[in-house]
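Open the model in a viewer and keep the selection panel at hand. The stops below are given in the order in which to select them.

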Amino acid sequence: MPTIGIADTTFARYDMGRAAIDEIQKNVSVKIKRVTVPGIKDLPVAAKKLIEEEGCDIVMALGMPGAKEQDKICAHEASQGIIMAQLMTNTHIIEVFVHENEGKDEKELAFLMDRRTREHALNVIKLLFKPEKLIREAGTGQRQGFEDAGSLRS
Ligand SMILES: Cc1nc2c(=O)[nH]c(=O)nc-2n(C[C@H](O)[C@H](O)[C@H](O)CO)c1C
């Protein structure tokens, strides 16, 4: 049975880990290993450990960059670390970041954090079990959270 790793943060203002696990368990039978770290810059090593020490086949790295300039820099650094961890382990780490200022208010932010997490959890399931479904969605302008952008007409 495959193992999905879930790494999330205490900095985030919504329990993204719980949403991811709930969505995964609603759809497939897998083992889940969860770890929670303080902030997004701690996600790369957490994900790498889930892969190398806990045997995870894929990992979701869940976080909420804050709205300040230093948070945006922090998010860029965290993303680079996550990409590096993917290359070092040859394993997908699906980054799910929701910037605190993406929602117009707290209600919309909570909605977005929940939806984006759940939609990426479905992507993780497709990557693991049904990669051909992603091929069928190629070029369809999928977005996680708000409305899909849709395909361009030729
Ligand atoms: C500036 C900053 N911004 C964020 C953020 O927007 N989101 C987040 O999850 N964490 C932030 N952190 C904390 C760092 O990611 C990290 O937890 C600490 O630097 C300790 O390694 C920091 C330090």
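Helices (H or I, at least four residues) and strands (E, at least two) are DSSP runs, numbered from the N terminus. This is a predicted model.

**Stop 1: the loop after H3**

Select Asn90, which sits in the loop between H3 and E4. Is Asn90 buried or exposed? With a relative accessibility of 75%, Asn90 counts as exposed, because the cut-off for that class is over 50%. Now display the backbone torsions. Most residues other than glycine have a negative phi. Asn90 is not a glycine, yet its phi is positive, at about 55 degrees.

**Stop 2: helix H3**

Step back by one residue to Thr89, which is placed in helix H3. Thr89 is buried, at a relative accessible area of 14%. Add Ala47 to the selection: Thr89 and Ala47 are 42 residues apart along the chain, and their C-alpha atoms are separated by 9.8 Å.

Next select Ser79, also found in H3. Ser79 has a relative accessible area of 17% and is therefore buried, since the limit for buried is under 20%. Show the side chain of Glu95 as well; a polar contact of 2.8 Å joins the side chains of Ser79 and Glu95.

The next residue to select in helix H3 is Ala75. Its relative accessible area is 5%, so Ala75 is buried. Measure from Ala75 to Ile40, C-alpha to C-alpha: the two are 6.8 Å apart in space and 35 residues apart in sequence. Ile40 comes up again at the ligand.

**Stop 3: strand E3**

Select residues 58–63, which form strand E3. How many of the residues of E3 are buried? The count is 6 of the 6, so the strand is largely enclosed by the rest of the structure. In a regular strand the side chains alternate between the two faces of the sheet. On one side of E3 are Ile58, Met60 and Leu62, on the other Val59, Ala61 and Gly63, and all are buried, so that both faces are covered.

Now add strand E4, residues 93–97, which pairs with E3 in the parallel sense over 5 bridges. Within this pairing, Ala61 has Glu95 in E4 as its bridge partner. To get from E3 to E4 the chain passes through helix H3 (residues 69–89), and this β-α-β crossover is right-handed. Glu95 is also the residue whose side chain makes the polar contact with Ser79.

**Stop 4: strand E1**

Select residues 3–9, strand E1, which pairs with E3 in the parallel sense over 4 bridges. Two positions can be picked out here: Ile4 stands opposite Ile58 in E3, and Gly5 stands opposite Val59 in E3.

Colour E1 by accessibility. In E1, 7 of the 7 residues are buried, so this strand is largely enclosed by the rest of the structure. Thr3, Gly5, Ala7 and Thr9 point one way, while Ile4, Ile6 and Asp8 point the other way, and all are buried.

Then add strand E2, residues 31–37, which pairs with E1 in the parallel sense over 7 bridges. In E2, Thr36 is the bridge partner of Asp8. Show helix H1 (residues 16–27) too: E1, H1 and E2 make a right-handed β-α-β unit.

**Stop 5: the ligand**

Finally, select the ligand and the residues around it. Which residues surround the ligand? They are Phe11, Pro38, Gly39, Ile40, Lys41, Asp42, Met64, Pro65, Gly66, Gln70, Asp71 and Cys74. By class, this shell divides into 6 nonpolar, 3 polar and 3 charged residues.

Three distances to oxygen atoms of the ligand can be checked in turn:

- Asp42: a polar side-chain atom lies 2.5 Å from an oxygen atom of the ligand.
- Gly66: a polar backbone atom is 2.7 Å from an oxygen atom of the ligand.
- Ile40: a backbone N or O atom lies 2.9 Å from an oxygen atom of the ligand.

On its own, the ligand has 480 Å² of accessible area, and the protein covers 70% of it. With the ligand still displayed, turn Ala75 back on: Ile40, which belongs to the surroundings of the ligand, is the residue whose C-alpha lies 6.8 Å from that of Ala75.

Note on methods. Residues numbered from 1 in each chain as written. Predicted model: local features only at pLDDT ≥ 70, side-chain atom pairs only at ≥ 80, totals over all residues. Heavy atoms only, no water. Buried < 20%, exposed > 50% of the residue type's maximum accessible area, 1.4 Å probe, protein only. Pairing = 2+ DSSP bridges. Right-handed = clockwise from strand over helix to strand, strands pointing away. Near = heavy atom within 4 Å. Polar contact = N/O pair within 3.5 Å; in protein donor to acceptor, adjacent residues only side chain to side chain. Areas by Shrake-Rupley, 256 points an atom, 1.4 Å probe, with all protein chains shown as cover. Nonpolar A, V, L, I, M, F, W, Y, C, P; charged D, E, K, R; others polar.
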